[in-house]
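Work through the exercises below with the model open. Try each task before reading its solution.

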Amino acid sequence: MTLLRDMCYPTPRELGLAARALADEHPDEVRLRQAGTSRAGQPLWVLSVAATGGAPRAADRSVLVVAGAHANEPVGGATALSLARRVLDDPAPRAGCGWHFLLCADPDGANLHRTPLPHSLLDYHRNFFRPPGPEQPEWAPSLLPPDRLPPETLALTALIDELRPVLQVSLHATDLGGSWVQLTRDIPGLAEPFAESAADLRIPVENGASDAAGWPSPGPGIFVIPQPGSEAAGAFHQEDTRLSTWYHAHRYAGTTAVVEVPMWASDLVDDPTPHPDPRGALRMLAERLTTDAALVAGVRGGARVPEDPRPYNAPYEDPDAAPLLRAVDWTLALIPRVAAEWTAVAPAEATAAYVASIDAFGRRLSLRAAAMLLRVLRAQGHPSAPGLDRLVTGWCEDFAARFGARWVPVATQVEHQSRTVLAAYDRLVAAGRQSRPGAAPPP
C-alpha cells in the first residue's frame, strides 16, 4: 500500500464524530454505542462492525480492539478507525466474526496530552501527559483493589465480559524506538507477517525491548509475557499481570496482543550485535537515571531561587495541576526501583539493541516527569520554569541525536498496526483450526 500523505492524531471528540459518520453511512453493518463514562463524564465509544451477513453482535467469534489506553500514545484511535473501514471493505476477517473498537479507553488523559502532530520530540513533550499506573485503565486492576477501580477500567472489563473476544488487541506506541508485540499467549506464525510489514514500511523491529527483558520470543519483536514470579518476568512488570485487563480475556479462552509502533524510529533498537559490556552499560545508565531524576525531584520538592524565596510545592488540590503532579510523583517514585533492578539483574551477555532500549527507557522516564512538572510551572508563572525548560529542551535534543530519530508518518504507524492486527487474527484462527481439525476456532 502506498502512503501518500501524513495525518494528524485525532482527539476523542474527533474519533466519536468520525465513528458516527461511519455508522450513519453503513447502518446495516456498523453500530456506535456508549460503553461507559470516564471520570470526567466523557463517553467511552465502542464502534462495532457486523460479522458477514449478521447484526453487529451476532457472530461466532469477536475481536476487541482497544485504543487510547495510554494518553500519550494517540495513534491507536486512528488505527481503530482505519481497521473498521478495512474490515467493512473485506469480508474475509468478518466471516463469522464481529469486530469491536473501543475508540479511546482514557479520553480524560487524551485531552490532557495535546499532540495533534508533533514536529519534534520537544514538541511532543511540550504538552505531555501520562497518568500514574493506578489511573491507567488497563493496568489499574494490578495496582488497586476492586472497589477502587476507575470507571474506564470497569467499562473495559464489562465489555470483555460481554463480547468474550477470541482476540483482544491493545494499540500502543512508543515515542522513539521500534515496533514490537507482547502476547499473553503465543500466536504461531505472527512473526513472519509482522517482520514483513516492518521491513516494507521501514520501521525498525525492537528485538531487545526493555519492556520484555528475558521473555520468550518466538521471533524478532514478538514476546510472550511470562508467568509472574518467573525469572523471565523482568524489571518492568513487577505487579501481577494476570490482574490486568490484558488477561481478562483469558476467562473466555481469549488471547491479548499488545501492538507497539514508534512515533520516531531508531535503528539502534534493531541491532543484534552483542554488546561488549552490558553490565557496565546498565550501571552507567542507572547512575544517569538516578542523577536526572534527582534534578527533577529537586524542583518538585521545593528548589529555592533568589526571585522567589518560597519553596515550590503545588498542592494536589489545584484542579489543573493535580493530575500532572500525581503523574510526576508516581514516576519519580518508580525510578529508584527501576535503577536498582538494572544493577541487580544486569545480564552478562546482551545485544546492543537491548542496551539501547534500556537507554531509551531511562531517558523517557526522567524526561516525562520533567515535562509534566514544567507544564505546571509554566501555568503558574513560577521562576523555576525557565531552568526546567532548558533542561527539558536539552534532554529532548540529546535523546533525538543519540538515537538518530526519524519521524514515522502517522499514516505509516496506522498501516503497520493495522497489518499486525489482521495478521494476528488470521494466524490465531488458523492455529485454532489446526488444533481442532474440522471444528470452528475456540469461542
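**Exercise 1. Classify W264 as buried or exposed, then describe its ring partner.**

Step 1. W264 has 5% relative accessibility, so it counts as buried. Buried means under 20% relative accessible area, exposed over 50%, and partly exposed in between, with a 1.4 Å probe and protein chains only. This is a predicted model: local features need pLDDT of at least 70, side-chain atom pairs count only at pLDDT 80 or more, and totals for chains, interfaces and linings use all residues. Residues are numbered from 1 along each chain as its sequence is written, and side-chain values use heavy atoms, with hydrogens and water left out.

Step 2. Search for ring pairs. The whole structure holds 8 aromatic pairs. Rings of Phe, Tyr and Trp (its six-membered ring) pair if their centres lie within 6.5 Å; planes under 30 degrees apart are stacked, over 60 edge-to-face, and the rest tilted.

Step 3. Apply this to W264 and W407. Their centres are 4.9 Å apart and their planes 65° apart, an edge-to-face pair. The pair links distant parts of the chain: W264 is in strand β8 (residues 255-265), W407 is in strand β9 (residues 406-407), and 143 residues separate them. Helices (H or I, at least four residues) and strands (E, at least two) are DSSP runs, numbered from the N terminus.

Step 4. Check the partner. W407 has 27% relative accessibility and therefore counts as partly exposed.

Step 5. Extend the set. Y124, F128, W264 and W407 form one aromatic cluster.

**Exercise 2. State which geometry the pair W342 and F361 has, and why.**

Step 1. The ring centres are 6.5 Å apart and the planes meet at 65°, so the pair is edge-to-face.

Step 2. Place the residues. W342 belongs to helix α8 (residues 322-344) and F361 to helix α9 (residues 352-380), 19 residues apart, so that the pair links distant parts of the chain.

Step 3. Both W342 and F361 are buried.

**Exercise 3. Find which residues of the largest nonpolar core touch the most other members.**

Step 1. Fix the term. A nonpolar core is a set of buried Ala, Val, Leu, Ile, Met, Phe, Trp, Tyr and Cys residues joined through side-chain atoms within 4.5 Å.

Step 2. The largest core has 65 residues, and W342 and L373 touch the most other members. Helix α9 gives the most to this core, with 16 residues.

Step 3. Another core lies apart from it, with 44 residues, among them V63, L183, L190 and A424.

Step 4. Recall the background. In soluble globular proteins, nonpolar side chains tend to be buried together.

**Exercise 4. Describe the surroundings of D175: where is it, and what does it touch?**

Step 1. D175 sits in strand β5 (residues 167-177). Its relative accessibility is 1%, so D175 counts as buried.

Step 2. List its contacts (heavy atoms within 4.5 Å). Leaving out residues up to four places away in sequence, D175 touches L121, Y124, H125, M263, W264, R364, R368 and F399.

Step 3. Look for polar pairing. The side chains of D175 and R364 are joined by a polar contact of 2.8 Å. A polar contact is a pair of N or O atoms within 3.5 Å; within protein, one must be able to donate a hydrogen and the other to accept it, and residues adjacent in sequence count only if both atoms are side-chain atoms.

**Exercise 5. Show what V414 meets from elsewhere in the chain.**

Step 1. V414 is in helix α11 (residues 410-435). With a relative accessible area of 4%, V414 is buried.

Step 2. Beyond its neighbours within four places in sequence, V414 is in contact with M7, V75, A78, T79 and S82.

Step 3. V414 and M7 are 407 residues apart along the chain, yet their C-alpha atoms are separated by 9.8 Å.

**Exercise 6. Locate R164 and R202 and give the sign of phi for each.**

Step 1. R164 is in the loop between α5 (151-163) and β5. Its phi is positive, about 45°, although R164 is not a glycine.

Step 2. R202 is in the loop between α6 (191-200) and β7. Its phi is near 60°, also positive in a residue other than glycine. R202 is exposed, with a relative accessible area of 57%.

Step 3. Set this against the general rule. Most residues other than glycine have a negative phi.
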